[in-house]
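Let's take a tour of a protein model, one feature at a time. Have the sequence and the 3D view open as you read.

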Amino acid sequence: MIVLSIDSATDAATAAVVSNDQILGEMNFANKKQHSVLIMPMIDELLKSLDLTIDDIEGFVISKGPGSFTGLRIGMATIKGLSLGSSKPYVSISSLDSLAYNLYGANGIVCPIMDALRENVYCGLYKFENGEMIKLMDYDRLSLDELVSKLKEFNEPVYFVGDGTKKYGELLKNSLENCFFAPNNLNYTRASSLGELGIKLLSQGISDDINISNPLYLRKSQAEREYDEKLKKGL
């Protein structure tokens, strides 16, 4: 099986073509250009470089978030369009799952963290057992204090990965005795990791329903938050 995977949930834009037994190609950009400008040219260039067309792709994988509201909508709309136009299935996978998979085989708790502002992070907790990635906690948005408190309950080494490590790494290092941090090349969602996770699901016949599949936000948009504030004030 050959799948095309993309992620546009964060500042990084990434696309990959993955088969059952290898990464055929991957492109990554993290220069904050508009994803609406980057994504389709990336896909075109990647397929041309591999001498493939959309007809050769048997399924699609997209990051469903959490992340940037605009970025998530761009990515989801792109994959839904490709899926609908080609009559090929797609599956959406959390950015947190993909980040955790970047540290496949880590001996301890894997904790992907994405900056959610004001010392809050989008996070999940994972462990690798018998070659499988086990989710220990559902996706959540926690304060750093809440996350540290949760991690101390496990009393195991913790491996942090994600863009939140750059901003909050020092604070976490001072709060936890046995913690480690992924290198820069693993701190963003890689389309190749998404592709490997997605190909397992698609090969089992698991896919999204295009009519009900939506991004995973974990928080309200700014417009929704402003509207709630107006309601509280009786405006």
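What follows covers the pockets, a nonpolar core, some salt bridges and a few backbone oddities.

First, some ground rules. This is a predicted model, so to speak: local features need pLDDT of at least 70, side-chain atom pairs count only at pLDDT 80 or more, and totals for chains, interfaces and linings use all residues. Residues are numbered from 1 along each chain as its sequence is written, and side-chain values use heavy atoms, with hydrogens and water left out.

**Pockets**

A pocket is found on a 1 Å grid over the protein atoms alone, as an open set of points where a 1.4 Å probe fits, with protein on both sides within 12 Å along at least five of seven lines; lining residues have an atom within 4 Å of a point. Grid points are joined across faces, edges and corners, and the volume is the space filled by probe spheres set on the points.

The largest pocket has a volume of about 770 Å³. It is lined by 26 residues, and T10, D11, G162, D163 and N187 are the closest to its centre. Helices (H or I, at least four residues) and strands (E, at least two) are DSSP runs, numbered from the N terminus. With those labels, β6 (109–115) and α5 (164–175) each supply at least two lining residues, and α5 has the largest share, with 3 residues.

The second largest pocket comes in at about 430 Å³. Among its 22 lining residues, I93, D97, M133, L197 and L201 lie nearest the centre. Two or more residues each come from β5 (90–94), α3 (95–101), β7 (120–129), β8 (132–143) and α6 (191–203).

What kinds of residues line these two pockets? The table sorts them, counting Ala, Val, Leu, Ile, Met, Phe, Trp, Tyr, Cys and Pro as nonpolar, Asp, Glu, Lys and Arg as charged, and the others, Gly among them, as polar.

| Pocket | Nonpolar | Polar | Charged |
|---|---|---|---|
| Largest pocket | 11 residues | 8 residues | 7 residues |
| Second largest pocket | 10 residues | 6 residues | 6 residues |

Domains come into play here too, with bounds from an automatic or database domain assignment. The largest pocket draws at least three lining residues from each of domain 1 (2–95 + 188–229) and domain 2 (104–181). For the second largest pocket, each of these two domains also gives at least three.

**The nonpolar core**

In soluble globular proteins, nonpolar side chains tend to be buried together. Here, a nonpolar core means a set of buried Ala, Val, Leu, Ile, Met, Phe, Trp, Tyr and Cys residues joined through side-chain atoms within 4.5 Å. Buried is under 20% relative accessible area, exposed is over 50%, and partly exposed is in between (1.4 Å probe, protein chains only).

The largest core has 19 residues, and L4, I6, V17, I43, F60 and I79 have the most contacts inside it. Two or more residues each come from β1 (2–7), β2 (13–19), α1 (35–49), β4 (59–65) and α2 (69–86). The top giver is α1, with 6 residues.

**Salt bridges**

Side chains of opposite charge can pair when their charged atoms come close. A salt bridge is a side-chain nitrogen of Lys or Arg within 4 Å of a carboxyl oxygen of Asp or Glu, and the count comes to 4.

In one of them, R190 pairs with E26, with the closest N and O atoms 3.2 Å apart. R190 sits in the loop between β10 (179–181) and α6, and E26 in strand β3 (residues 23–29), so the pair ties together parts that are 164 residues apart in sequence. R190 is buried at 18%, while E26 is partly exposed at 24%.

D115 and K167 also meet, at 3.2 Å from N to O. D115 lies in strand β6 and K167 in helix α5, so this pair links parts 52 residues apart in sequence.

**Backbone oddities**

Most residues other than glycine have a negative phi, and most peptide bonds are trans. The bond from G65 to P66, however, is cis, with omega near 10°; P66 is in the loop between β4 and α2. L117 has a positive phi, near 70°, and N130 has one near 50°. N130 sits in the loop between β7 and β8 and is exposed at 81%.
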